[in-house]
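The following note is offered to a colleague who is meeting this structure for the first time. Its points may be read alongside the sequence and the model.

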Amino acid sequence: MSTVNLTVADFERTLSDNQMVLVDFWASWCGPCRMFAPVYEKASLAHPDIIFGKVDTEAEPALAAAAQISSIPTLMAFKDGALVFSQPGALPATALEQVISAVRDHDMEQAPDNAIAEQERKSA
């Protein structure tokens, strides 16, 4: 599956209707966003069971504000509707694959809230 554009109208429904959703917050004027886009698109094709959403922060400023986006690109990962990872900056393909694996393996019973990012901060 390729990436899908998300808006304020379908964002919450997309999170609640799918087990795993990655969201790339981006803007067309952002150089790192343009560099990350093909990496993200390629990963979306390699993982058709995951929803790879994109939010254009210029077209959806209310959604970007609600997500507290202060830097782009920002990648967020949701599992069972809960945010489990959030990180600004363009990721290389190998790092994106590591995030995908970590989210897949994340046990929502053990730590439902942003635990992957918290765990990575503690190990850094």
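1. Leu-15 and its surroundings. Setting aside residues up to four places away in sequence, Leu-15 touches Val-21, Phe-78 and Gly-81. Leu-15 belongs to helix α1, and its relative accessibility of 5% means that Leu-15 counts as buried. The C-alpha atom of Leu-15 is separated by 7.3 Å from that of Asp-80, although these positions lie 65 residues apart in the sense of chain separation. The reader should bear in mind that the model is a predicted one.

2. Overall architecture. The secondary structure of the protein chain consists of five helices and five strands. Read along the sequence, these elements follow the pattern β-α-β-α-β-α-β-β-α-α. The protein chain has 124 residues, of which 44% count as buried.

3. Contacts and surface of the chain. Among the contacts in the protein chain with a separation of 6 or more, 73% are between residues 24 or more positions apart. The protein chain exposes about 6700 Å². Carbon and sulfur atoms supply 53% of that exposed area.

4. The pair of Phe-11 and Phe-25. How many aromatic pairs does the structure hold? There are four aromatic pairs. One of them is formed by Phe-11 and Phe-25, a tilted pair with 6.4 Å centre to centre and 50° between the planes. Phe-11 lies in helix α1 (residues 11-17) and Phe-25 in strand β2 (residues 20-26), so the pair ties together parts that are 14 residues apart in sequence. Phe-11 counts as buried because its relative accessibility is 6%; Phe-25, at 0% relative accessibility, counts as buried as well.

5. The pair of Phe-36 and Tyr-40. Phe-36 and Tyr-40 also form an aromatic pair, tilted, with 5.5 Å centre to centre and 40° between the planes. Both residues belong to helix α2 (residues 31-46), and because they are four residues apart there, about one helical turn separates them. Phe-36 is buried, with a relative accessible area of 1%, and Tyr-40 counts as buried at 0% relative accessibility.

6. The aromatic cluster. Which residues form one aromatic cluster? The members are Phe-11, Phe-25 and Phe-78. Phe-78 is also one of the residues touched by Leu-15.

7. The salt bridge of Asp-24 and Lys-54. Side chains of opposite charge can pair when their charged atoms come close. A search of the whole structure finds two salt bridges. Asp-24 forms a salt bridge with Lys-54, and the closest N and O atoms are 2.8 Å apart. This pair links distant parts of the chain, with Asp-24 in strand β2 and Lys-54 in strand β3 (residues 51-56), 30 residues apart. Are the partners buried or exposed? Asp-24 has a relative accessibility of 0% and therefore counts as buried. Lys-54 is buried too, with a relative accessible area of 11%, because buried means under 20%.

8. The salt bridge of Arg-104 and Asp-49. The side chains of Arg-104 and Asp-49 meet in a salt bridge, at 2.6 Å from N to O. Here again the pair links distant parts of the chain: Arg-104 is in helix α4 (residues 93-105), Asp-49 is in the loop between α2 and β3, and they are 55 residues apart. Arg-104 is partly exposed, with a relative accessible area of 34%. Asp-49, at 53% relative accessibility, counts as exposed, because the cut-off for exposed is over 50%.

9. The length of helix α4. Helix α4 has 13 residues, which at 1.5 Å a residue should span 18 Å. The end C-alpha atoms of α4 are 18 Å apart, in agreement with that expected span.

10. The two faces of helix α4. Which residues of α4 are buried? The buried residues are Ala-95, Leu-96, Val-99, Ile-100 and Val-103. These residues lie on the same side of α4, because they cover an arc of only 145° around the axis. The face of α4 turned away from the buried side carries the exposed residues Thr-94, Gln-98 and Asp-105.

Terms used:
Residues are numbered from 1 along each chain as its sequence is written. This is a predicted model: local features need pLDDT of at least 70, side-chain atom pairs count only at pLDDT 80 or more; totals for chains, interfaces and linings use all residues. Side-chain values use heavy atoms; hydrogens and water are left out. Rings of Phe, Tyr and Trp (its six-membered ring) pair if their centres lie within 6.5 Å; planes under 30 degrees apart count as stacked, over 60 as edge-to-face and the rest as tilted. Helices (H or I, at least four residues) and strands (E, at least two) are DSSP runs, numbered from the N terminus. Buried means under 20% relative accessible area, exposed over 50%, partly exposed in between (1.4 Å probe, protein chains only). A salt bridge is a side-chain nitrogen of Lys or Arg within 4 Å of a carboxyl oxygen of Asp or Glu. The expected span of a helix is 1.5 Å times one less than its number of residues. The arc is that of the directions from the helix axis to the C-beta atoms. Contact means heavy atoms within 4.5 Å. Accessible areas come from the Shrake-Rupley method with a 1.4 Å probe; for residues, only the protein chains shown count as cover.
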